[in-house]
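Thanks for coming. I will put the sequence and the model on the screen, and then go through a few parts of it.

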Amino acid sequence: LHDEYQKTADWLMSQTKHRPQVAIICGSGLGMLADTLKCQDSFAYADIPGFPQSTVQGHAGQLVFGELKGKTCVCMQGRFHMYEGHSLCKTTFPIRVFKLLGVETLIVTNAAGSLADGFQTGDIMIIKDHINFPGLVGLNPLCGPNDDKFGPRFPAMSGCYDKGLRCLAMEIAKELGVASVLQEGVYAMVGGPNFETIAEARLLHRLGVDAVGMSTAPEVVVATHCGLRVFGLSLITNKVVKSYEDTESVNHEGVLEIGRLRSHTVQQLVTELIDRMEINNNDNINKSI
Ligand SMILES: O=P(O)(O)O[C@@H]1C[C@H](O)[C@@H](CO)O1
């Protein structure tokens, strides 16, 4: 309900003077993205009316407001996943609150396993597009009555990852000398919480998925529905096991460890991107793929 989002937005605006233009969602092990914000105001999710709680290790569960390179940002240190038992409406609740706070650009980050043959652990993938597996079978946060105040009943999703920001990020990576770890590709969301079987991994690979994770797509759907510009990064924390000969297996601690190792590069990229992105209040102005 519009009123519930508004109530949370009003509460936040009564608690902080910051009026964010950019929102950042930190993926597993990527909570340090909030550390770069100056003049911080932080709120534990437990204290924010209407907010769900984070239950996953590596997701601190606080909302941090602050300044970065002259832009006002709000950063979710911890996101909500479907597998935690939240409804998709709840997992995406903060997005509409951000919209009401005046945010115009959303940066999503996540930890993901790679299927693409050329990808290495530690690579950073610019998300070009996604496959929302839960969404394809009707597990979509936009199901139910449409709230026309936020967006249309049948929103387009082609071009939901802004092309201008993707190009800018690639340029920045070259300038920072980190282009060799930068990739671009398709992210697929699966429900989790278990990691993929080998047969599932092979299926995803054959379908053209470059990286797989358990989040992001519902957030991007809700953000695109309400006209936010979106940029997404996946940190490749592991290669998904695709061979019955392979003796390695993935675990969440390993995922968090790669986050720590690559945190500096992810931070540099996001900081420069925020510095150089143009902000305007014209919804969907850069939406062409
Ligand atoms: O919040 P993200 O998508 O970064 O979290 C990924 C997917 C699972 O929640 C977890 C698995 O290690 O990391």
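I will start at A111, which counts as buried because 25 C-beta neighbours lie inside 10 Å of it, and the cut-off for buried is 20 or more. This residue sits in strand β5. Leaving aside neighbours within four places in sequence, A111 is in contact with G27, S28, G29, G213, L235, T237, V255 and G259.

Before going further, a word on confidence. This is a predicted model. The mean pLDDT of the chain is 94, with 97% of residues at 70 or more. For the complex, the predictor gives an ipTM of 0.98 and a pTM of 0.95. The stretch to leave alone is residues 282-289, where pLDDT stays under 50. In the model those residues have 13 contacts beyond four places in sequence. Where pLDDT is low, the predicted coordinates should not be read in detail.

Back to A111. Which other residues share its annotation in UniProt? The record, an unreviewed entry, places the feature "binding site" at S28, H59, R79, F80, H81, A111 and S215. These positions are spread over 188 residues of sequence, yet they cluster in space, with a largest C-alpha distance of 13.6 Å.

Take H59 from that list. Is H59 buried or exposed? H59 has 23 C-beta neighbours inside 10 Å, so it counts as buried. Its place is in the loop between β2, residues 38-44, and β3, residues 62-68. Beyond four places in sequence, H59 is in contact with S28, S54, G78 and R79. Two of these contacts, S28 and R79, are also on the UniProt list.

Now the ligand. Which residues come nearest to it? Of the 13 residues around the ligand, those are G27, S28, N110, S215 and V255. The elements that give two or more residues to this shell are β5 and α8, the latter being residues 252-276. By type, the shell has eight polar residues, four nonpolar and one charged. S28 and S215, from the nearest group, also carry the UniProt feature.

Next, the strands that follow the H59 loop. In β3, five of seven residues are buried, so the strand is mostly covered. β3 pairs with β2 in the antiparallel sense over five bridges, and K38 stands opposite E67 in β3. β3 also runs antiparallel to β4, joined by seven bridges. There, Q62 stands opposite Q77 in β4. The hairpin of β3 and β4 has two residues between the strands, and K69 in that hairpin takes a positive phi near 50°. As a general point, in a regular strand the side chains alternate between the two faces of the sheet.

Last, helix α3, residues 93-101. How many of its nine residues are buried? Eight are, which leaves the helix mostly covered. They are F93, P94, I95, R96, V97, F98, K99 and L101. What do they pack against? The list is α1 (2-15), β1 (22-25), β4 (71-77), α2 (88-91), β5 (105-114) and α7 (217-225). So the strand that holds A111, β5, is one of the elements against which α3 packs. Just after α3, G102 takes a positive phi of about 105°.

That is what I had to show.

Note on methods
Residues numbered from 1 in each chain as written. Predicted model: local features only at pLDDT ≥ 70, side-chain atom pairs only at ≥ 80, totals over all residues. pLDDT = per-residue confidence, 0-100. Contact = placed C-beta atoms within 7 Å. Buried ≥ 20, exposed ≤ 12 C-beta atoms within 10 Å, placed from the backbone. Helix = DSSP H or I, 4+ residues; strand = E, 2+ residues; numbered from the N terminus. UniProt positions renumbered as here; feature names shortened; annotations may be inferred. Near = placed C-beta within 6 Å. Nonpolar A, V, L, I, M, F, W, Y, C, P; charged D, E, K, R; others polar. Pairing = 2+ DSSP bridges.
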